[in-house]
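Thanks for coming, everyone. I'd like to take a few minutes to walk through one model and talk about how its side chains meet. Have a look at it first.

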Amino acid sequence: MWRRPMFALVALVATWPALARALPPDPANPDDTPPEPAMQPPDEMAPLPPLAEPDPPLHEDNEFGPVILIEQIDITGNTATETEIIRRALPISAGDVLHASDKRLREARFKVLALGFFRDVTLAMHKGSQRGQVVVEVHVIERGTLVLNRLWFGTASLSPYWIGADAGERNLLGLGVAVGGGFIFAHQADLGEPGETFDGRDQYAAELRLADPSVRGTPWGASWAITLVHGSEPYQVTGGNDSKRTDLRAFPYRRFGMRAGVTYNVSALTRLSTGVRAESIDATLPIGPTRTLGDLTTSIDPHLDPGASRVVTASFGFDRDTRPDPILPHAGSHILASAELGSALVGGSYDFATVFASYEHYWPVFGDKHAIGLKL
């Protein structure tokens, strides 16, 4: 007989929490409020709302892995280079939302290395202030940016010596601007022997260059150069392959010109370029120059117009560089191709074309301490 009331009491106790949540609170007793529902365990928490879509579109072929928000980017290790120069070279920025496998993260290291200011660049990701956010640290190891591009010296029968050098600063005052220049001088031989007539003279040439590979952090770059040549061109009038100085004559000429170019970074590793060249030439040509070989006399074409003439050209180029270190390459490849076209249609005095192409590839050996290179 006692089992039924006890069963009813147990059932009432078991269902009381549900009834308490369903009943409204007693107005006379404001403290009589239903208890707060228990917190769900972490494994049962509702998923966080998805992060906002990124401003730039994600790469369709690399959308896998967790989505992360770049909270901030820290630049460390730079002392001579402005931080903003490095930040502008990165294909990512604070606030970007992307997959952890997005190739922009992989290209960031090569993009900074391509500046040519650093010996090594490493990237690391640290936890951000909130879940799903990361702090990207870009650590650089700087290198000297003063470069000796070329060194000329030698001697010949017409010139006892010539000497010159070309040097440049790739990162002027840490601003990412490249400046450079070169000068060469060739001394004319003393042709004071009797019977020797030669119209040659001392020669020299100079050039100044200025380039900004990323104007105000954009993919566009600009370059400028000015060149001066004070020259003397020899030509043979008599004799054979073993001609002497008495068999030679020369005519003086002067060249002065400017070049201007624009580049566009298609990607972190690929660049397109275009440019123009305008140059004035002033040559004092001999009248009717001829060459006599035995009984045969032929006219000589100096390939220059007498007096003042002009060279006006347009150039185009393609450059793709996957080398991690452009100064001391040990891996990757470099493809460079360019063409320059000159025509009277654009105001020049000469019609011509030049084409240049080169290819380099490097294979690291012995733990990246050595490399085998192929150059074409």
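**Rings, charges and a greasy patch**

Let's start with Phe185, which is partly exposed, with a relative accessible area of 24%. Keep in mind that this is a predicted model. What does Phe185 pair with? Its partner is Tyr161, and the two form a tilted aromatic pair, 6.4 Å centre to centre with 45° between the planes. Tyr161 sits in the loop between strand 5 (146-154) and strand 6, while Phe185 is in strand 7 (residues 177-186), so the pair links distant parts of the chain, 24 residues apart. Tyr161 is partly exposed as well, at 40% relative accessibility.

That's one of 4 aromatic pairs in the structure. Another one I'd like you to find is Trp220 with Tyr264: also tilted, 4.7 Å between the centres and 50° between the planes. Here the chain is bridged across 44 residues, with Trp220 in strand 9 (residues 220-236) and Tyr264 in strand 10. Trp220 comes out at 46% relative accessibility and counts as partly exposed, and Tyr264 is partly exposed at 33%.

Now, where else do Trp220 and Tyr264 turn up? Both belong to a nonpolar patch on the surface. Other members include Val262, Leu272, Phe318, Tyr359 and Trp363, and the patch adds up to about 1100 Å² of accessible area. Strand 10 (248-265), strand 16 and strand 17 (370-375) each give two or more residues to it. Leu272 comes from strand 11 (residues 270-283). Leu272 has 39% relative accessibility, which means it counts as partly exposed, since that class runs between 20% and 50%.

On to the charges. Side chains of opposite charge can pair when their charged atoms come close. How many salt bridges do we get here? The count is 10.

Take Arg109 and Asp120 to begin with: their side chains meet at 3.1 Å, N to O. Arg109 is in helix 3 (residues 103-113) and Asp120 is in strand 3 (residues 118-127), so this salt bridge ties together parts that are 11 residues apart in sequence. Both ends are partly exposed, with Arg109 at 28% and Asp120 at 26%. Arg109 has something else going on too: its charged end sits over the ring of Phe110, 5.8 Å from the ring centre.

Next, Asp166 and Arg209, where the closest N and O atoms are 2.8 Å apart. Asp166 is in strand 6 (residues 162-172) and Arg209 is in strand 8 (residues 203-212), and those positions are 43 residues apart. Is Asp166 buried or exposed? It's buried, at 6% relative accessibility, whereas Arg209 is partly exposed at 24%. And this pair has company: Asp166, Glu207, Arg209 and Arg259 are linked in a network of salt bridges.

Last one: Glu360 with Arg323, at 3.4 Å between the closest N and O atoms. Glu360 lies in strand 16 (residues 352-365), and Arg323 is in the loop between strand 14 (307-321) and strand 15 (332-342), so the salt bridge joins parts 37 residues apart in sequence. Both of these are buried, Glu360 at 17% and Arg323 at 13%.

So if you're clicking around later, those are the spots to look at.

Technical notes
Residues are numbered from 1 along each chain as its sequence is written. This is a predicted model: local features need pLDDT of at least 70, side-chain atom pairs count only at pLDDT 80 or more; totals for chains, interfaces and linings use all residues. Side-chain values use heavy atoms; hydrogens and water are left out. A salt bridge is a side-chain nitrogen of Lys or Arg within 4 Å of a carboxyl oxygen of Asp or Glu. Helices (H or I, at least four residues) and strands (E, at least two) are DSSP runs, numbered from the N terminus. Buried means under 20% relative accessible area, exposed over 50%, partly exposed in between (1.4 Å probe, protein chains only). Patches are made of residues with over 30% relative accessible area and no salt bridge: like charges are joined within 9 Å, nonpolar side chains (Val, Leu, Ile, Met, Phe, Trp, Tyr) within 5 Å. Accessible areas come from the Shrake-Rupley method with a 1.4 Å probe; for residues, only the protein chains shown count as cover. Rings of Phe, Tyr and Trp (its six-membered ring) pair if their centres lie within 6.5 Å; planes under 30 degrees apart count as stacked, over 60 as edge-to-face and the rest as tilted. A charge sits over a ring if NZ of Lys or CZ of Arg is within 6 Å of the ring centre and within 35 degrees of the ring normal.
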